[in-house]
Amino acid sequence: MKRIAVFPGSFDPITRGHENIVRRSAKLFDEIIVAIGNNTSKQSMFSIDQRKGWVDKTFENIPNVRTEIYEGLTVDFCKKNGATFLLRGLRNGGDFEYERTIAHMNKALWNELETILVFTEPEFASVHSTVIREIIKNKGDVSQFVPQYVSIND
Ligand code: ADP
């Protein structure tokens, strides 16, 4: 059976922290699906097409990584795609508490789903999409925090 992992998030925009987790984890799984949540009730800074375009470009040279847009429960998306692993990145203790809660809830919803947490590398531990969006709103330069293909002024 293929080991398929889903890496869900809003990727608004994708950061070097996300990129690092996916690149390192691509060696652990047969396939990784970067799943961009299209949450209609949550206002995003960038359109779903723009976010997907950046994620596609970032991983275009990694053959076992692909991008999908999804709506609804992450566990349902995993089931539909035959993914029994849920990949998440861990920056700090705050992330840990949050991830533990989500992992337990997801396990209760679908027992076959295993959440795999990968520690971020220290240089990315403070990289948060939320802070990046604040910098963008205030016209700051975020190039050091995002993959090289993400051109905010496109
Ligand atoms: P965030 O909320 O910070 O933007 P997303 O909702 O896009 O993140 O999160 C997708 C996943 O990426 C989560 O598991 C999150 O913990 C992880 N992640 C976000 N930023 C980093 C980072 N700098 N290093 C490692 N993992 C990260």
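Of the 17 residues around the ligand, the nearest are G89, T120, F124, V127 and S129. This is a predicted model, and the ligand is a good place to start a tour of it.

**The ligand and its surroundings**

The ligand occupies the largest pocket. Strand 1 (4-9), helix 1, strand 4 and helix 4 (93-109) are the elements that each give two or more residues to the shell around the ligand. Three polar contacts to the ligand are set out below.

| Residue | Protein atom | Ligand atom | Distance |
|---|---|---|---|
| F11 | polar backbone atom | oxygen | 3.3 Å |
| R88 | N or O atom in the side chain | oxygen | 3.2 Å |
| T120 | polar side-chain atom | nitrogen | 2.9 Å |

Taken alone, the ligand exposes 530 Å², and the protein buries 89% of that area.

**The loop between strand 1 and helix 1**

F11, which offers a backbone atom to a ligand oxygen, sits in the loop between strand 1 and helix 1. Is F11 buried or exposed? With a relative accessibility of 2%, F11 counts as buried. The backbone of F11 also deserves a look: its phi is near 50°, a positive value in a residue other than glycine.

P13 belongs to the loop between strand 1 and helix 1 as well. The peptide bond joining D12 and P13 is cis, with omega about 0°. For context, most residues other than glycine have a negative phi, and most peptide bonds are trans.

**Helix 1**

Next comes helix 1, whose N-terminal end is capped by T15. A side-chain oxygen of T15 lies 3.1 Å from the backbone nitrogen of G17. How many of the ten residues of helix 1 (residues 16-25) are buried? Seven are, so the helix is largely enclosed by the rest of the structure. The buried residues in helix 1 are G17, H18, E19, N20, I21, V22 and S25. Helix 1 is also one of the elements giving two or more residues to the ligand shell.

E19 is a handy residue to follow from helix 1. Its relative accessibility is 15%, and because buried means under 20%, E19 counts as buried. Leaving aside residues up to four places away in sequence, E19 touches T58, F59 and P147. How far apart are E19 and T58 in sequence and in space? They are 39 residues apart in sequence and 7.4 Å apart in space, C-alpha to C-alpha.

**T84, ahead of strand 4**

T84 is found in the loop between helix 3 (74-80) and strand 4 (85-90). At 12% relative accessibility, T84 is another residue that counts as buried. Which residues does T84 touch, not counting those up to four places away in sequence? They are M1, I4, W110, E112, L113 and E114.

**K139, after helix 5**

The last stop is K139, in the segment after helix 5 (129-137). K139 is not a glycine, yet it has a positive phi of about 65°. Is K139 buried or exposed? K139 has a relative accessible area of 76% and is therefore exposed. F11 likewise has a positive phi, but F11 counts as buried at 2% relative accessibility.

Note on methods:
Residues numbered from 1 in each chain as written. Predicted model: local features only at pLDDT ≥ 70, side-chain atom pairs only at ≥ 80, totals over all residues. Heavy atoms only, no water. Buried < 20%, exposed > 50% of the residue type's maximum accessible area, 1.4 Å probe, protein only. Helix = DSSP H or I, 4+ residues; strand = E, 2+ residues; numbered from the N terminus. Polar contact = N/O pair within 3.5 Å; in protein donor to acceptor, adjacent residues only side chain to side chain. Contact = heavy atoms within 4.5 Å. Near = heavy atom within 4 Å. Areas by Shrake-Rupley, 256 points an atom, 1.4 Å probe, with all protein chains shown as cover. 1 Å grid on protein atoms, 1.4 Å probe; cavity = no way out; pocket = protein on both sides within 12 Å on 5 of 7 lines; lining within 4 Å. Sits in = over half its atoms within 2 Å of the grid points.
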